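Biologist: I'd like to learn how to read a fold like this one. Could you walk me through it, feature by feature?

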Amino acid sequence: MPPTKFQSCVELTPDIKRIEYISAEYFLSHKYNLVTKGIPFVVRNFFDIVDRDTLFRFLRTSFEGKNLTVRSHSTIQEYAHKRTYSQIDMIDYIEMLGMDRQEVIPYAANNSLGFENFNSLHLTFPFPDLKNQLEDPKIWIGAAGTSTPLHMDSCDNFCYHLLGSKKWIIFSIRDCEYLYLERNSYGTSANPLSEFSTSRLNIDYPDHETFPLFKHAAAFELTLEAGELLYLPYGWAHSVKNLTTSAMINIWFRLDGYIPLLLRKTK
Ligand SMILES: O=C(O)CCC(=O)C(=O)O
């Protein structure tokens, strides 16, 4: 079962705020002020943009001798319960991305990148003290049209958007009871970071008769561009679509103990 009841003390935000520029140093020294409100925000120009050729060259080298896992699904039910995975070489995948194709190619979603590669791209994680409690940074590379349907993760998230444009539709933690979330069978690992819930709703074509509560949910729409960092707190459900060929790296982490507990799920 997904969590259904939250204290309604998360501030409502009319829009997801874009902070024009803060340096990594500023972020490090003000990190708790920035994240403890429990609302998402975007920082523009947070890191240096790497051009497409340089990024792909870097990825070819970092994945040399390793397979990339790619994911396919055609419906949201398939995403939730029967998605298919296959393995491909990074060089072949990058070649596929460069081809003009009619059909959507599989999505290289959620592949481990390693902190060494994360550091080589001069990316900064604002909570270095948490580093030994983190999962590896993950890289998401996909063609226009690849997507991740509506779901909710059980941890906070920093997303470093490296290339192209990615559209996010985000729902407040206060609205999760309107989203028909169910604990997903992929989230049965002992690691709490991998618990997540998927929605039965197709938010591109919502069926209001079957899912009448959905009309109470307010969607925040956001298109991330290269150089932007998104902070997405625990419990904010999201649906994501790549509008162009895009690449993003994310780190999921837990701030229990830092974020006031009242912003978290009611027991
Ligand atoms: O980029 C995507 O397709 C999905 C990313 C996502 O769901 C996440 O970072 O939690």
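Modeller: Let's go from the overall make-up to the sheets, the helices, the ligand shell and a few loop residues. Keep in mind that this is a predicted model.

Biologist: Fine. How many helices and strands does the chain have?

Modeller: The count is 5 helices and 15 strands. Of the 267 residues in the chain, 33% are buried. Then there's the contact pattern: among contacts with a separation of 6 or more, 84% link residues 24 or more positions apart.

Biologist: On to the sheets, then. What holds the strands of a sheet together?

Modeller: The general idea is that strands pair through backbone hydrogen bonds, and the pairing is either parallel or antiparallel. Here, one open sheet has 7 strands in the order 1-2-13-8-15-6-5, and its pairing is mixed. Strand 1 (17-19) and strand 5 (108-112) are its edge strands, each pairing on one side only. On average, neighbouring strands in this sheet are turned by 20° against each other, if you ignore direction.

Biologist: Can you zoom in on one pair? How many bridges join strand 8 to strand 15?

Modeller: There are 7 bridges, and the two strands run antiparallel. To find your place in the viewer, look for Asn157, which stands opposite Trp252 in strand 15.

Biologist: And the other sheet, with strand 14 in it: what is its strand order?

Modeller: That open sheet has 6 strands, ordered 10-11-7-14-9-12, with antiparallel pairing. Strand 10 and strand 12 (219-224) are at the edges with a single partner strand each, so one side of each has no neighbour in the sheet. The twist from one strand to the next averages 30°.

Biologist: Which strands pair with strand 14, and where do the residues line up?

Modeller: Strand 7 pairs with strand 14 in the antiparallel sense over 3 bridges, and His151 stands opposite His238 there. Strand 9 also pairs with strand 14 in the antiparallel sense, over 6 bridges. In that pairing, Lys167 faces Lys241, and Ile169 has Ser239 as its bridge partner.

Biologist: Is strand 14 mostly covered or mostly open?

Modeller: Mostly covered: 5 of the 6 residues in strand 14 are buried.

Biologist: Helices next. What do I need to describe two packed helices?

Modeller: Two things: the angle between their axes and the distance between those axes. For helix 2 (residues 52-62) and helix 4 (residues 90-98), the angle is about 155° and the axes are 9 Å apart. Anything over 145 degrees counts as roughly antiparallel, and therefore this pair is roughly antiparallel.

Biologist: Which residues in helix 2 and helix 4 meet?

Modeller: Phe56, Leu59 and Arg60 in helix 2 meet Met90, Ile91 and Ile94 in helix 4. By class, that contact has 5 nonpolar residues, no polar ones and 1 charged.

Biologist: As a chemist I have to ask: which residues are around the ligand?

Modeller: The shell consists of Ala109, Trp140, Thr148, Asp153, Asn157, Cys159, His238, Val240, Met248 and Asn250. The elements that give two or more residues to it are strand 7 (147-153), strand 8 (156-163), strand 14 (237-242) and strand 15 (246-253). The shell divides into 5 nonpolar, 4 polar and 1 charged residues. Two of these names came up earlier: Asn157 as the residue opposite Trp252, and His238 as the residue opposite His151.

Biologist: Now the loops. Which backbone angles would you pick out?

Modeller: I'd pick two positive phi values in residues that aren't glycine. His122 has phi near 60° and sits in the loop between helix 5 (115-120) and strand 6 (138-142). Tyr180 has phi of about 55°, and its loop runs between strand 9 (166-171) and strand 10 (181-183).

Biologist: Why does His122 count as exposed, and why is Tyr180 put in another class?

Modeller: Count the C-beta neighbours inside 10 Å: 12 or fewer means exposed, and 20 or more means buried. His122 has 10, so it counts as exposed. Tyr180 has 19, so it counts as partly exposed.

Biologist: Give me one more loop residue. Where is Arg83 found?

Modeller: Arg83 is in the loop between helix 3 (76-81) and strand 4 (84-89). Arg83 is partly exposed because 17 other C-beta atoms lie within 10 Å. Leaving aside neighbours within four places in sequence, Arg83 is in contact with Arg71, Ser72, His73 and Glu78. Arg71 is 12 residues away along the chain, yet the C-alpha atoms of Arg83 and Arg71 are separated by 6.8 Å.

Conventions. Residues numbered from 1 in each chain as written. Predicted model: local features only at pLDDT ≥ 70, side-chain atom pairs only at ≥ 80, totals over all residues. Axes fitted to C-alpha atoms, helices over the stretch in contact; angles between N-to-C directions. Helix = DSSP H or I, 4+ residues; strand = E, 2+ residues; numbered from the N terminus. Parallel < 35°, antiparallel > 145°, perpendicular 65-115°, else oblique. Contact = placed C-beta atoms within 7 Å. Nonpolar A, V, L, I, M, F, W, Y, C, P; charged D, E, K, R; others polar. Near = placed C-beta within 6 Å. Pairing = 2+ DSSP bridges.
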